[in-house]
Amino acid sequence: MRAFAPDVADPKAAVSDATLIDAASREKPVQSMHAFALNQVRLLDSDFATGAAINRRYLQSIPVDRLARSFRVQAGLASSAAPLGGWEKPDCELRGHFSGGHYLSAAAFAYASQGDEILKARADELVTQLAACQQPNGYLSAFPESFFDRLSSGQKVWAPFYTIHKIQAGMLDMYRYAGNRQALTVATGIGNWTVRWLNGFSDAQLAHILKTEYGGMNESMYELYATTGNGRYMDAAHRFDQVSLFDPLAAHRDELQGLHSNTQIPKIIGAARRYELTGDPRYRRIAEFFWETVTTERTYATGGSSNGEFWNTGPGDLKGQLGLYAAECCVAYNLLKLTRHIYAWNGDPRAFDYYERTLYNARLGTQDANGLKLYYYPLQPGGNKFYNSPTDSFWCCTGSGAEEFARFNDSIYFREGKDLYVNLFIPSELSWPEEQLTLRQETAFPREPLTRLVLGLKAPEHRAIHLRIPQWIGPDAAVRVNGETLDVFASPGSYLTLRREWRDGDRIELDLPMQLYTEALPGDDEQRAVLYGPLVLAARLGSAGLTQSMQYCGYDAAPNPEPKPQPSPTILANAAQDVSSWMRVHLASELSFEATTRQGKIAVAPLNQIHAERYAVYWKSDVTSENS
């Protein structure tokens, strides 16, 4: 990644070119797999490209003066802009998390991914306005510094470090992805303030302070160290280790029951960054065990996790957890971030089985046609999706969703030396100038069970191309090179390696046959989800009685009125056996399905395509009725 030097002459904040250029040397050689830079992968026409464009239009619709208002008022500067509402309103204690944090990160990603100059210009302007609000001691927020006095004295306060993390991360992203040098100066000032604040407390005092959600402060301080080389930031990041969380995980014990789910994941991402910057294997154990236990024991078929924002049950037991407020979207967003770290260390394709499942089912369907986002992904039978309002919500998941939809081109391809890995089947074009190679992926997947890869090369060259063969792949899969079917394949959940001399214009076709199958809700075999390939399917239960206020919410992220739970659709068969006896593919190219149930025939569609209607994801068997 290109390094940018600050464009200010303040010796207290500036970092030298030499220090910044040396940033890569601070990474320990623990990553075998490397993602491509965002500007090396361009999305082609697909649901992902459409979603990214809608998200950009939403971000462009928010005036910069409104985003900056609370920061300016806090700094004693004049602002005639109307305040934003929801979690950004002037008396909300979390104000600034979106307007000074998530927005900057999303704009930086959109610029790097899609070259959005409009968003870059607006984000650059916002950085300038926020820099004018930063105090001489480096403190920057839309709320007073006294919130941290309340935090340290044990008074109730809503997560001030959580917001500081978002602001610092937004500034770092503007530097790393959009080349804004002033943003690094601001992030460094925040880091200096954080170091001084932490130095006022013993480890015992800090352990008490860390009981209040602090986001990923360890991660952003590690990133500041990685960028600048200043060891003070590494030391400060380390002080955000939460012993009560890290110690059991290091010993491979899942003691997550009762914990607020999304509070924990950013801390684990910070642990992953510590491993990458120090090589300390303890932090790899923490991150890998956490990822393994959550993604295998605590997730729904969608890849999402949590109910009412908490892990209420033990591992492997989600019985009774199909709530209206299930699967908080931030949880899925952060689990994908963590998955990218885990995969980079071990190259295990199973990590991308999880990543793909979560991307399609817990992320892609969380935005409406106007760019508004979900907070939760309801799994209560008869529930419906409910979104934020344009300027009067700004929930945590509004921000993480804006970031997610700005970087859908991330993680489609990876590299290991000169080897190329294709992990996702998303229409896109990869540019690898160091290898004088381009790769264009053309597909209508999942509306067609096939993807095509076309290589562009300056000259013939030997190289390995690894194609992920997903766990869900059906029978009769095949691969063709330049129209010739190869007499090789690979097992589901592994890679098919094609090693040969490649020439310009060579074409690879990979069949991706999909089939229907079911998965039980962990801890409740009577409740089963139906999938088609990587897609979770849902019963379409109609929109009768759905009002605007049940689909769009303000501050409280709850529909009004709440939909009443309905029984899960009941099938007159054993759901675990021969799903084709009660579910059929109606039209594969339209992803249209139909289920035969006790209630009659029900239309079924991928969960990510359902909007403005009620649905059910899990199905129940009624074998007694079948046999009577």
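The paragraphs below go through a predicted model, from one of its sheets to its helices, internal spaces and some single residues.

The sheet is an open one of 5 strands, in the order E1-E4-E5-E9-E12, and its pairing is mixed. Strand E1 (34–35) and strand E12 (494–502) occupy the edges; each has a single partner strand, so one side of each is left without a neighbour in the sheet. Strands of a sheet pair through backbone hydrogen bonds, and the pairing can be parallel or antiparallel. Strand E9, residues 461–469, runs antiparallel to E12, and 9 bridges join the two. Within this pairing, Arg-463 stands opposite Arg-500 in E12.

A helix lies over part of this sheet. Helix H16, residues 349–363, lies across strand E4 (413–416), E9 and E12. The angle at which H16 runs to E9 is about 55°.

H16 also takes part in a pocket. The second largest pocket holds about 690 Å³ of space. Its lining consists of 28 residues, and the closest to the centre are Thr-295, Thr-296, Arg-350, Asp-353 and Tyr-354. Two or more lining residues come from each of helix H14 (281–297), helix H15 (329–346), H16 and strand E14 (516–521). H16 gives the most to this lining, with 6 residues.

The next element to follow is helix H3, residues 64–74, in which Val-64, Arg-66, Leu-67, Ala-68, Arg-69, Ser-70 and Phe-71 are buried. An α-helix has 3.6 residues a turn, so residues three or four places apart point the same way. The partners against which the buried residues of H3 pack are helix H4 (98–114), helix H5 (117–131) and helix H7 (160–178). After H3 comes Gly-76, with a positive phi near 80°.

H3 also borders an enclosed space. Across the whole structure, a search finds 2 cavities of 30 Å³ or more, and the largest cavity contains about 40 Å³ of space. Its lining is made up of Arg-66, Leu-67, Arg-69, Ser-70, Pro-83, Leu-84, Glu-88 and Ser-99. H3 supplies the largest share of that lining, 4 residues. Arg-66, Leu-67, Arg-69 and Ser-70 are thus named both among the buried residues of H3 and in the lining of the largest cavity.

Some features of the backbone can be taken together. Most residues other than glycine have a negative phi, and most peptide bonds are trans. Ala-159 is not a glycine, yet has a positive phi of about 50°. Ala-159 belongs to the loop between helix H6 (146–152) and H7. With a relative accessible area of 3%, Ala-159 is buried. Ser-306, also not a glycine, has a positive phi of about 90°. The loop that holds Ser-306 runs between H14 and H15, two of the helices that contribute to the lining of the second largest pocket. Ser-306 counts as buried because its relative accessibility is 3%, under the 20% limit.

Two peptide bonds that precede prolines are cis. From Phe-445 to Pro-446, the cis bond has omega near 5°; Pro-446 is in the loop between strand E7 (437–442) and strand E8 (450–457). From Asn-560 to Pro-561, the cis bond has omega near -5°; Pro-561 lies in the loop between strand E17 (552–553) and strand E18 (570–571).

Strand E8 also contains Leu-457, which counts as buried at 10% relative accessibility. Leu-457 and Arg-503 are 46 residues apart in sequence, while their C-alpha atoms are 6.3 Å apart in space. With neighbours within four places in sequence set aside, Leu-457 is in contact with Gln-436, Leu-437, Trp-502, Arg-503 and Asp-504. Of these residues, Leu-437 falls in E7 (437–442) and Trp-502 in E12 (494–502).

The last residue is His-260, in the loop between helix H12 (243–250) and helix H13 (261–278). Is His-260 buried or exposed? His-260 counts as buried because its relative accessibility is 17%, which is under the 20% limit. Leaving out residues up to four places away in sequence, His-260 touches Glu-213, Glu-309 and Phe-310. With Glu-309 there is a polar contact between the two side chains, at 2.6 Å.

Note on methods: Residues are numbered from 1 along each chain as its sequence is written. This is a predicted model: local features need pLDDT of at least 70, side-chain atom pairs count only at pLDDT 80 or more; totals for chains, interfaces and linings use all residues. Side-chain values use heavy atoms; hydrogens and water are left out. Buried means under 20% relative accessible area, exposed over 50%, partly exposed in between (1.4 Å probe, protein chains only). A polar contact is a pair of N or O atoms within 3.5 Å; within protein, one must be able to donate a hydrogen and the other to accept it, and residues adjacent in sequence count only if both atoms are side-chain atoms. Contact means heavy atoms within 4.5 Å. Two strands pair if DSSP finds at least two bridges between them. Axes are lines fitted to C-alpha atoms, for helices over the stretch in contact, and angles run from 0 to 180 degrees between N-to-C directions. On a 1 Å grid over the protein atoms alone, a cavity is a set of points where a 1.4 Å probe fits but cannot get out, and a pocket is an open set with protein on both sides within 12 Å along at least five of seven lines; lining residues have an atom within 4 Å of a point. Grid points are joined across faces, edges and corners, and a volume is the space filled by probe spheres set on the points.
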